[in-house]
Amino acid sequence: MNGEELTEQETALYDRQIRVWGADAQRRLSKSHILVYGIKGTVAEFCKNIVLAGVGSVTLVDDRAVTQEALSANFLILPDENMYHGKTLADVCCDSLKEFNPMVHVSVEKGDISTFGVEFFEKFDVVVISCCSLAKKKLINQMCRKLPKRIAFYTVDCRGSCGEIFVDLQDYKYSKKKLEETVECQLEYPSFEDAIAVPWKALPKRVSKVYFAMRVIEQFEDIEGRNAGQTSVADLPGVLKLRKELCETNSVKESQIPDALLERLLIGTSEYPPVCAIIGGILGQEVIKAISGKGDPLKNFFFFDAMDGKGLIEDISKP
Amino acid sequence: MASEEQLSAIKRAKVLMVGAGGIGCELLKTLALSGFQDIHIIDMDTIEVSNLNRQFLFRQCHVGQSKAKVARDAVLRFRPNISITPYHANVKESRFNVDFFKEFDVVLNGLDNLDARRHVNRLCLAADVPLVESGTTGFLGQVTVHLKGKTECYECQPKPAPKTYPVCTITSTPSKFVHCIVWAKDLLFAKLFGDKNQENDLNVRSSDTGNSSEHSEDVFECRKDEDIEQYGRRIYDHVFGHNIEVALSNEETWKNRNKPRPIYSKDVLHVKMTKENGDTEKDCATGDVSAMASLSLKNPQDIWSLAENSRVFLEALRLFFSKRGKEIGNLTFDKDDQLAVEFVTAAANIRASSFGIPLHSLFEAKGIAGNIVHAVATTNAIIAGLIVIEAIKVLKKDNNNYRMTYCLEHPSRKLLLMPVEPYEPNKSCYVCSETPLSLEVNTRHSKLRDFVEKIVKGKLGMNFPVIMKGASILYEVGEDLEDDMVAIYAANLEKALSELPSPVTSGTVLTVEDLQQEFSCSINIKHREEFDEEKEPDGMVLSGWVEAPVDKDNNKPNGNGESTSNALPTEEILEGEKDVEIQETSGGTETVAGKKRKLSEVDESRNQKKPEKLDLDDEDDELVISDDWESLTKKKRV
């Protein structure tokens, strides 16, 4: 790629990472535009990572007010009411992120993202959404897919000591080095809707239990009309009932989704900071890969569970 | 989300972090968010521009300030009510002794060098404090947990020796670009701008140059009647022209090699370079002066032509003498010194050109010369998260669930983060067990000084050693020694081992202790007459530190029953960057040793086939990555 060359300032600042992914990738990064919706601890980690990496711009959407709870795993918010009073989460995080790298343009977009038109999404190369309902995930994913240009779409959520990333790169071509040669590779991704519609029976036997548990709770919140993460251990009976139904429909054993795991995921909205750092780090790396076109991107789910310490990739698509 | 029990363990804990660099910044943030309230942090470094792409607690305006202090202030902004105690200091200082370490519930390392890692390992063993060790390079990283008596210590597996090059390859027969870099940095740069009293092999080589040794001393001095441009051209012609001609005259050398081509400045640069300014310019601060800038070369990723390299060489040399004259005689190569990097790049490229070796860009040359390891924010963030998870297990005394975790670039059996059960201590580890070492040495020729420098400090990593034969002390370092003892020890240093007041000969058992590390080991001495100059450059061979016994049946699966044995991604990790520490060795002549040189690794002659850990040190975050996966699965799991 022969875009403009990196400036001296960029070369000095990004020296160590250019040694990882090369000057070409760095140039692509600096021209990329990222949309982020729904900011909690994990997304704060992710934003820090891509701002440091030197993307062109980051646009934040989150009109929620700053609450005590929002502070819990988010280092972008200073715990001083005078600082955040009257501001939205996106406003406050924007101010902090700007400081991390003056070369990245960080801004805020107000409004309800589900009412934004297709042309709004067209401005971006990457869309990352978090803390939102099942319906919204599907909707935004579909918007991105409608556009002629390929937008890399991600959802990310942490519940308790578990985290999940979903990736949709649509039809994705990339190059990778094999020995001395560079090989062209291609991957086909399903949409979020299609991925989660794959019958559980059709999935390989050892798919992470966290995948199923996340789907049960996601559906529970959808049916109950809750916001993402607005659950507690008190909801366990309802969640167990839904599990039974879903397992029957899908003809899988209920033991596939242990009670203890569901209970751990139901601890509510507070996040576990080490897991935020890990999931935010993996997501940052994936977005950098997708922009630079270098390295194997993960397809199409990633799970981390602090209990067993495994960071696992699962391919959930039609066989 | 943490349980009440967990939260109270976290709140009560007193934690020591060593390192406030790439991993350190992420770690301090994650500890604070996780509820830790009493964190102490040691780091001797100050902030540099190249840190800012990942050490997110630092800003441009902090460049030059203490990492530990700035990191503390940054974290207190979002967690004002916790206690963070910074130390802008070297962890090896004597105030950080065993008693200091005993105050902590857990020690977390985010270090950038093997020496400090080994030092902290020993203090943790002596103080019986759990250690969580970590490292990253590029997309790779690892976290390990070390508990005395329960899991292996950091030194249970031998570390590979830094890459070394025979001195004659550097001075006479380079075949790779890195050889040219070593020559340019450690010989030419040191000769022109460094300490004049240091021994330097730049001009003494190929056996038969005895005639010119006095003459060559003068060559590098600027003569009274020449200006700086004439001087530069004379140096150029001497090192790239004359010296190559001299080397060529030794026909024997070139029988099976391609002959180098002498290069003279007049052939490359026909016109005299115009001098913009006279020699009256004042000295100014390091970093402001650049030959690239004055020659309008912009892109550090470009590979310069021979003519461009020659211009940069002469311009950089001129700038050193005209603008940084005061520093000449005291300079050592520093990767953050732009002018030094320019000079070394140009000189290495001209030499490469002479020997038919492909030229490299300044960016690449800087990476090789500065031993720079790749680093990105994401890996550090992930590793910091994993460290905190292990630290919390340590505090909860969750003994059965410790994991060493590898962060991989390519998934191995779907795993990008791979937890592995920790290994038992290596029973033959000289650090955490009491296994004696043995040393083959020529006791009649080797001096006590050689033993102290090459073995005790170099290989065993001791700072304040005491060396004893039975009850008699042969050597000791310390602040409170009597003058007469200091004199005796100084005299002992110059004596051959067999001529010491209490002679050290074959069969002698020496006890070596480090009082600060509270660490002691015994060494059985064996006399040996001859050593191979190239393979055994120290003139002595330390052994006895072997891998843990292989136990094939104990290939226990980890976690929920999946075996990790046959899927370990051997190649990926080993493909990673090697430790490119540069260290010339030669039989008789010890080549220039930069002050940062680490001679620390234990002799690997027995373990050459199986490097256990690649020590991939970034200059500031660093890491020790990743093991030989094959043997890893054979070791005993706890």
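**Note on the domains of chain A and its contact with chain B**

1. In this predicted model, the automatic or database domain assignment divides chain A into domain 1 (8–192 + 271–309) and domain 2 (194–265). Local features need pLDDT of at least 70 and side-chain atom pairs count only at pLDDT 80 or more, whereas totals for chains, interfaces and linings use all residues. Residues are numbered from 1 along each chain as its sequence is written, and chains are lettered from A in the order in which they are written.

2. The C-alpha centres of domain 1 and domain 2 of chain A lie 26 Å apart. Their contact (C-beta atoms, placed from the backbone, within 7 Å) takes 18 residues from domain 1 of chain A and 15 residues from domain 2 of chain A. On the domain 1 side, strand 9 of chain A gives the most, with 3 residues; helices (H or I, at least four residues) and strands (E, at least two) are DSSP runs, numbered from the N terminus.

3. Between the chains, the contact takes 49 residues from chain A and 48 residues from chain B. Helix 12 of chain A supplies the largest share of the chain A side, 10 residues.

4. Helix 12 of chain A (residues 273–292) has 20 residues and should therefore span 28 Å at 1.5 Å a residue, in agreement with its end C-alpha atoms, which are 28 Å apart; the expected span is 1.5 Å times one less than the number of residues. Just after helix 12 of chain A, G293(A) takes a positive phi of about 70°.

5. Strand 10 of chain A pairs with strand 9 (residues 415–420) of chain B in the antiparallel sense over 2 bridges, where pairing requires at least two DSSP bridges. L312(A) has L415(B) as its bridge partner in strand 9 of chain B.

Notes:
Two residues are in contact if their C-beta atoms, placed from the backbone, lie within 7 Å.
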